[in-house]
Amino acid sequence: MCGIVGYTGAERAQGILIEGLTRLEYRGYDSAGVAIQEGGALEVVCRKGKVGELSRTLEDFDLKGTCGIGHTRWATHGKPSEANAHPHTSCAGDIAIVHNGIIENFAELRDELMARGHSFASDTDTEVVAHLVEEAYDGDLRAAVADATARLVGAYGLAVVCDREPGTIIVTRKDSPIVVGRGAEGSYVASDMIAMIDATRDVVVLADGQTARLTAEGIEYFDEAGEPIEPTVTHVDWDIDMAEKGGHPDFMLKEIYEQPRVIRDTLAGRLVSGALAIDELDMTPEELDLVDRVYVIACGTSYHAGLIAKNLIEAWARIPCEVEVASEFRYRNPIITPTTLVVAVSQSGETADTLAAIRDARVKGAKVFGITNVVGSPVARESDGVIYTKANKEIAVASTKSFLGQVASLTLLALLLAQAKGGLTTAQIRLLFSELADTAEQVEAILEDTAAIDEAALACKDATSALFIGRGMGAAISYEGALKLKEISYLHAEAYAAGEMKHGPIALIDEGFPVIAIATKSPVYDKIVSNLQESKARGAMIVAVATEGDEDIRKHADHVIYIPKVRDAFSAITASVPLQLFARAVAVARGCDVDQPRNLAKSVTVE
Ligand code: F6R
């Protein structure tokens, strides 16, 4: 979401912080800032835009201080702006903090602090922490940070400096990464070790609740109770290239493994007092209740996220929902009225067809919501409201983590519409939200053991064509599975709603032809099993993605990839992950460049 860095030591901090922030830009880049202890006071410099903008500004400041913290931001609360850029400071300006995460109870803390006379300079959730530390400070910054964090609900990785404790940085975390390291020239902290890899290969990955005090001389560690502890030091042999990929051989795999975090970040702060809250959409429950038709418009993988959303919006909110590829939508004359809601989904936020479709829909009077991964992108700017998927920068051309972010965001939107329409009770929404949150752990479980996926991929690597089938939610999942396979492995793949098999595609099947089936336990499970039997009878080699504990499926499939049991509504999240891994494993086995497949680009800014 955001990247944080800190340095205290013998060298000037300015250059070290900028270098670290540049390495962390993949985590966000809508604004950046530093706070450096300079001659007994804190010098805070922030700029809207990328780290390069901040770096150019700092050339004029030429700060000499040797202790400081820095931040590169990915907006969550508060738009990208200089005022909302970190570091944030206390009223007296003597305490500065950088934060990665979301403080869920910030609104109530802010009211409380304002009532006690604090004034706020930003719209961020983060700023409350600076004021809480200010109130708690009594000569011991570590103790003040502990008091402040005891009040926080949510996720945080924090680095804090105070001009009354020169050369000291306090860091702590909960559900947000913090890595600390000691190099020859000083002590370092960052959200990701990539920011300090030139200085040290021995790092401490802070655990939830732990705190570290960094000084030029060394680093002390404390547990949740404030007792000193001996940390576990991890030595990493990675070179820069590997470190950028988090130790994975390619960005695609790194991004696939980031997905549990994407789900958690997407859901953080969305259930407030038992009700769904998506304030960025800027529509009252009454306005949402008037919506009588939804169009999801998108391209490629984002379109597939829309197909999944259709199932949820219609099931829960009972609003007719159409999903269209943007390049078709823009050239026909869709029925749009002032009560039509258009949801434009785009990872890059700059796909030409999606943008044209947004403009067209707005001219025709529709309200347009954007769902995008890029803050301030054209889709964000041109929509009436926007939900940012919390994927962070996606580097591999084939979308994986941004797809899961889209599905999670669209699921929230479906719940919001159901809440406004009364399609679900408050208790049902709470239960669904909690099951949705559980998918983060379920995806983690899938990522822990990929042996069955790799084995199925090896069995398919020499095929010339493959068929993906599913029903209901499984059909939508299979479209995305086929796209992933063809775009990175160049193996021709098609997806069909399994009920269509007898109407044509079954003719493709002969001895050894790969059929990849989404055969999870769902209301149409028996039907998909029949499709498997029909395919098997004609010689297909069947790979089934099935629900853990379903031993029966082995009778019908050559390879079974088990995934945890989830409600059918959430099966797109869990079942898509093995298909991403399957596509990647096939591509690797075929010697393809999985991160940069031929003929494709990450942003499609022309028609
Ligand atoms: C496939 C993929 C593409 C994009 C499509 C739309 O892995 O990434 O199909 O989904 O080009 O791009 P965005 O979402 O940026 O509008």
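The exercises below deal with a predicted model and cover its ligand site, its largest pocket and one of its sheets.

**Exercise 1. The shell around the ligand**

Task: State how many residues surround the ligand, which are the closest, and how they divide by class.

Solution:
1. A residue belongs to the shell if one of its heavy atoms lies within 4 Å of the ligand.
2. With this cut-off, 13 residues surround the ligand. The closest are Ser-302, Ser-346, Ser-348, Thr-351 and Glu-487.
3. Sorted by class, the shell holds eight polar, three nonpolar and two charged residues.
4. Two helices, α10 (300-317) and α17 (473-489), each supply at least two residues of the shell. The largest share, three residues, comes from α10.

**Exercise 2. Polar contacts and burial of the ligand**

Task: Decide whether the distances from the ligand to Ser-346, Ser-399 and Glu-487 qualify as polar contacts, then state what share of the ligand's exposed area the protein buries.

Solution:
1. A polar contact needs a pair of N or O atoms within 3.5 Å.
2. For Glu-487, a polar side-chain atom is 2.5 Å from an oxygen atom of the ligand.
3. For Ser-346, the distance from a polar side-chain atom to a ligand oxygen is 2.6 Å.
4. For Ser-399, an N or O atom of the side chain lies 2.8 Å from an oxygen atom of the ligand. Each of the three pairs is therefore a polar contact.
5. The ligand taken alone exposes 400 Å², and the protein buries 89% of that.

**Exercise 3. The largest pocket**

Task: Give the volume of the largest pocket and describe its lining.

Solution:
1. The volume is about 1,200 Å³.
2. The lining consists of 38 residues, and those closest to the centre of the pocket are Arg-27, Ser-176, Pro-177, Glu-258 and Arg-261.
3. Elements that give two or more residues to this lining include β6 (95-103), β7 (154-162), α7 (251-257) and α15 (426-448). The most, four residues, come from α8.
4. By class, the lining has 17 nonpolar, 12 charged and nine polar residues.

**Exercise 4. The sheet**

Task: Write the strand order of the seven-stranded sheet, name its edge strands, and find the bridge partner of Ile-95.

Solution:
1. The order is β5-β6-β7-β8-β12-β13-β14, in an open sheet with antiparallel pairing.
2. β5 (88-89) and β14 (228-229) are the edge strands, as each pairs on one side only.
3. β6 and β7 are joined by nine bridges in the antiparallel sense.
4. The partner of Ile-95 is Cys-162 in β7.

Key
Residues are numbered from 1 along each chain as its sequence is written. This is a predicted model: local features need pLDDT of at least 70, side-chain atom pairs count only at pLDDT 80 or more; totals for chains, interfaces and linings use all residues. Side-chain values use heavy atoms; hydrogens and water are left out. A polar contact is a pair of N or O atoms within 3.5 Å; within protein, one must be able to donate a hydrogen and the other to accept it, and residues adjacent in sequence count only if both atoms are side-chain atoms. Accessible areas come from the Shrake-Rupley method with a 1.4 Å probe; for residues, only the protein chains shown count as cover. Ala, Val, Leu, Ile, Met, Phe, Trp, Tyr, Cys and Pro count as nonpolar, Asp, Glu, Lys and Arg as charged, and the others, Gly among them, as polar. On a 1 Å grid over the protein atoms alone, a cavity is a set of points where a 1.4 Å probe fits but cannot get out, and a pocket is an open set with protein on both sides within 12 Å along at least five of seven lines; lining residues have an atom within 4 Å of a point. Grid points are joined across faces, edges and corners, and a volume is the space filled by probe spheres set on the points. Two strands pair if DSSP finds at least two bridges between them.
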